[in-house]
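Subject: Structure for you to look at

Dear colleague,

I am passing on a structure that I have been reading through, and I would be glad if you kept it open beside this message. Please look at it first, and then follow the notes below.

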Amino acid sequence: MSDVRDLLIRGSEKVIGHYRLLLASAKAESERQLYRRRIEREQRLLDELQGGFPDRFAA
């Protein structure tokens with residue numbers, strides 16, 4: 001089961017990286033907002049997979 005989890009973690013990290021590239025090249029504010037929301041969503045999923053807490057909840 002750990003192999004599947006590791007695969008999902010790596011996949012989420014890649015997705016976040018791609019969205020960051022798209023965010024950096026976004027021309028319209030609506031695009032930037034869309035990519036930021038997607039990054040936040042994927043980061044929440046990644047945090048759950050890693051068994052951690054989002055940065056905003058960390059002590």
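I begin with Glu 29, which forms a salt bridge with Arg 36, the closest N and O atoms being 3.3 Å apart. Please keep in mind throughout that this is a predicted model. Arg 36 is partly exposed, with a relative accessible area of 35%, and Glu 29, at 38% relative accessibility, also counts as partly exposed.

Glu 29 has another partner, since Arg 32 forms a salt bridge with Glu 29 as well, and here the closest N and O atoms are 3.1 Å apart. Arg 32 and Glu 29 are three residues apart in helix 2, which means that about one helical turn separates them. With a relative accessible area of 22%, Arg 32 is partly exposed, a class that runs from the 20% below which a residue is called buried up to 50%. The structure holds two salt bridges, and through shared partners such bridges join Glu 29, Arg 32 and Arg 36 into one network.

How many helices and strands does the protein have? There are two helices and zero strands, so the next thing to examine is how helix 1 and helix 2 lie against each other, which are roughly antiparallel. Two packed helices are described by the angle between their axes and by the distance between those axes. For helix 1 (residues 2-25) and helix 2 (residues 29-50), the axes come within 9 Å and cross at roughly 160°. An angle over 145 degrees counts as roughly antiparallel, and helix 1 and helix 2 are therefore described in that way. The crossing of helix 1 and helix 2 is left-handed.

Which residues meet where the helices touch? From helix 1 they include Leu 8, Ile 9, Val 15, Ile 16, Tyr 19, Leu 22 and Leu 23, and from helix 2 they include Tyr 35, Ile 39, Leu 46 and Leu 49, while Arg 32 and Arg 36, the two arginines of the salt-bridge network, are also among the helix 2 residues in this contact. By class, the contact of helix 1 with helix 2 has eleven nonpolar, three polar and seven charged residues.

Taking the protein as a whole, buried residues make up 19% of its 59 residues. Of the contacts with a separation of 6 or more, 48% are accounted for by residues 24 or more positions apart.

With best wishes

Methods. Residues numbered from 1 in each chain as written. Predicted model: local features only at pLDDT ≥ 70, side-chain atom pairs only at ≥ 80, totals over all residues. Heavy atoms only, no water. Axes fitted to C-alpha atoms, helices over the stretch in contact; angles between N-to-C directions. Helix = DSSP H or I, 4+ residues; strand = E, 2+ residues; numbered from the N terminus. Parallel < 35°, antiparallel > 145°, perpendicular 65-115°, else oblique. Left-handed = near helix turned anticlockwise from the far one by under 90°. Contact = heavy atoms within 4.5 Å. Nonpolar A, V, L, I, M, F, W, Y, C, P; charged D, E, K, R; others polar. Salt bridge = Lys/Arg side-chain N within 4 Å of Asp/Glu carboxyl O. Buried < 20%, exposed > 50% of the residue type's maximum accessible area, 1.4 Å probe, protein only.
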